[in-house]
Amino acid sequence: MHITSAGRTDVGVIRSGNEDSFRMIPDRGIFVVADGMGGHAAGEVASDMAVRIVADEIHSVRGLGDEQVAERMRAAIRTANGAIFQRTLTEHDKRGMGTTVTALTLYETRFLIGQVGDSRAYLLRDGRLSQLTKDHSYVQEQVDAGYLTPEQARTHPYSNVITRCVGAKDVFLLASDGLTGMLEDYQLAELLSPERMPQDEVDALIAEANRHGGLDNITAIIVRIDSVEAPAPDDVKTQQTVTRPR
């Protein structure tokens with residue numbers, strides 16, 4: 001599998017600090033977005049811990065089966081959760097901090113997503129944008145119960161794991177709610193294309209979110225699948241922008 005990827009985080013228009021974090025390890029096929037909470041001094045710590053720990057714990061899933069990869073993802077998120085919680089117990093100024101986590105790992109011809117919170121993962125395939133994750137939030141629970149429509153939820157004041165096949169020209173978007181809260185899905189779809197470079201798309205998405213108000217920190221990672229082929233043992237090649245996950 002050959003991929004091209006890009007990521008960026010932006011403070012937005014309104015906030016003075018950035019509590020979002022992201023981490024990309026393209027040669028291992030690992031991408032993580034986190035949106036921290038608990039104030040500038042704590043939220044940014046929680047999200048930074050989350051992306052580092054999750055990526056490190058996943059490490060590499062080469063040669064593992066779907067169930068093993070899923071368990072690796074669950075364990076990584078649980079480990080991050082435990083470390084963050086422990087820190088809230090030992091540091092007074094970190095009490096109440098927390099974070100969302102949305103992680104994507106690519107392996108052979110498959111992908112898996114682990115998610116806690118309301119940072120999202122999308123897939124653009126054959127011109128159609130699909131939201132792969134479901135928000136873990138109060139308003140989403142209200143939508144599920146029929147008390148709110150998805151439109152109302154947008155303006156209303158441990159691990160979800162998905163495993164599917166990867167196709168050439170698939171485009172993945174991982175985003176904090178600073179992006180998805182500013183732009184509707186159809187607007188995201190208009191800015192995403194397998195023909196554009198991921199860095200250009202990331203920049204365009206953040207600029208558009210800021211143009212619509214930039215009320216929160218904005219983070220986006222885009223991963224484009226350039227080609228998919230049968231994996232060969234010890235056949236790993238890394239370039240500056242195009243990589244083959246291990």
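**A walk through the structure, starting at Glu91**

Let us start with one residue: Glu91 counts as partly exposed, with a relative accessibility of 25%. Here, buried means under 20% relative accessible area and exposed over 50%, with partly exposed in between (1.4 Å probe, protein chains only). What you are looking at is a predicted model, in which local features need pLDDT of at least 70 and side-chain atom pairs count only at pLDDT 80 or more, while totals for chains, interfaces and linings use all residues. Residues are numbered from 1 along each chain as its sequence is written, and side-chain values use heavy atoms, with hydrogens and water left out.

Glu91 has a partner. It forms a salt bridge with Arg87, and the closest N and O atoms of the two are 2.8 Å apart. A salt bridge is a side-chain nitrogen of Lys or Arg within 4 Å of a carboxyl oxygen of Asp or Glu. Side chains of opposite charge can pair when their charged atoms come close. Arg87 is partly exposed, at a relative accessible area of 27%. A little further along are Asp93 and Lys94, joined by a salt bridge whose closest N and O atoms are 3.0 Å apart. Asp93 is partly exposed at 47% relative accessibility, while Lys94 is buried, with a relative accessible area of 7%. Arg87, Glu91, Asp93 and Lys94 are linked in a network of salt bridges.

Now step back to see the chain as a whole. Its secondary structure comes to 7 helices and 12 strands. These are DSSP runs numbered from the N terminus, helices being H or I with at least four residues and strands being E with at least two. Of the 246 residues in the chain, 48% are buried. The chain exposes about 11300 Å², and carbon and sulfur atoms supply 48% of this area; accessible areas come from the Shrake-Rupley method with a 1.4 Å probe, and for residues, only the protein chains shown count as cover.

The structure holds 16 salt bridges. Another of them is in helix 2 (residues 66-90), where Glu71 and Arg74 are 3 residues apart and therefore separated by about one helical turn. Their side chains meet at 3.7 Å, N to O. Glu71 is partly exposed, with a relative accessible area of 39%, and Arg74 is partly exposed too, at 26%.

Helix 3 (residues 138-145) shows how a helix can have two sides. Its buried residues are Val139, Gln140, Gln142 and Val143. Seen down the axis of helix 3, these buried residues fall within an arc of 155 degrees, so they line one face of the helix; the arc is that of the directions from the helix axis to the C-beta atoms. The face turned away from this buried side carries the exposed residues Tyr138 and Glu141. After helix 3 comes Gly146, whose phi is positive, near 90 degrees.

Next, find Asn217, in the loop between helix 7 (198-211) and strand 11 (218-227). Asn217 lies in a loop, yet is it buried or exposed? At 0% relative accessibility, Asn217 counts as buried. A polar atom of its side chain lies 2.8 Å from the backbone oxygen of Gly17, and a polar atom of the Asn217 side chain is 2.7 Å from the backbone nitrogen of Glu19. Leaving aside neighbours within four places in sequence, Asn217 is in contact (heavy atoms within 4.5 Å) with several residues, among them Asp10, Val11, Arg15, Ser176 and Gly178.

Strand 11 is also the place of Asp226. The side chain of Asp226 makes a polar contact with the side chain of Arg224, at 2.7 Å. For a polar contact, a pair of N or O atoms must be within 3.5 Å; within protein, one must be able to donate a hydrogen and the other to accept it, and residues adjacent in sequence count only if both atoms are side-chain atoms. Asp226 and Asp170 are 56 residues apart along the chain, and their C-alpha atoms are separated by 7.8 Å.

Tyr107 offers another such pairing. This residue is found in strand 5 (residues 101-107) and is buried, with a relative accessible area of 3%. The C-alpha atoms of Tyr107 and Met1 are separated by 8.1 Å, with their positions 106 residues apart along the chain counted as their distance apart.
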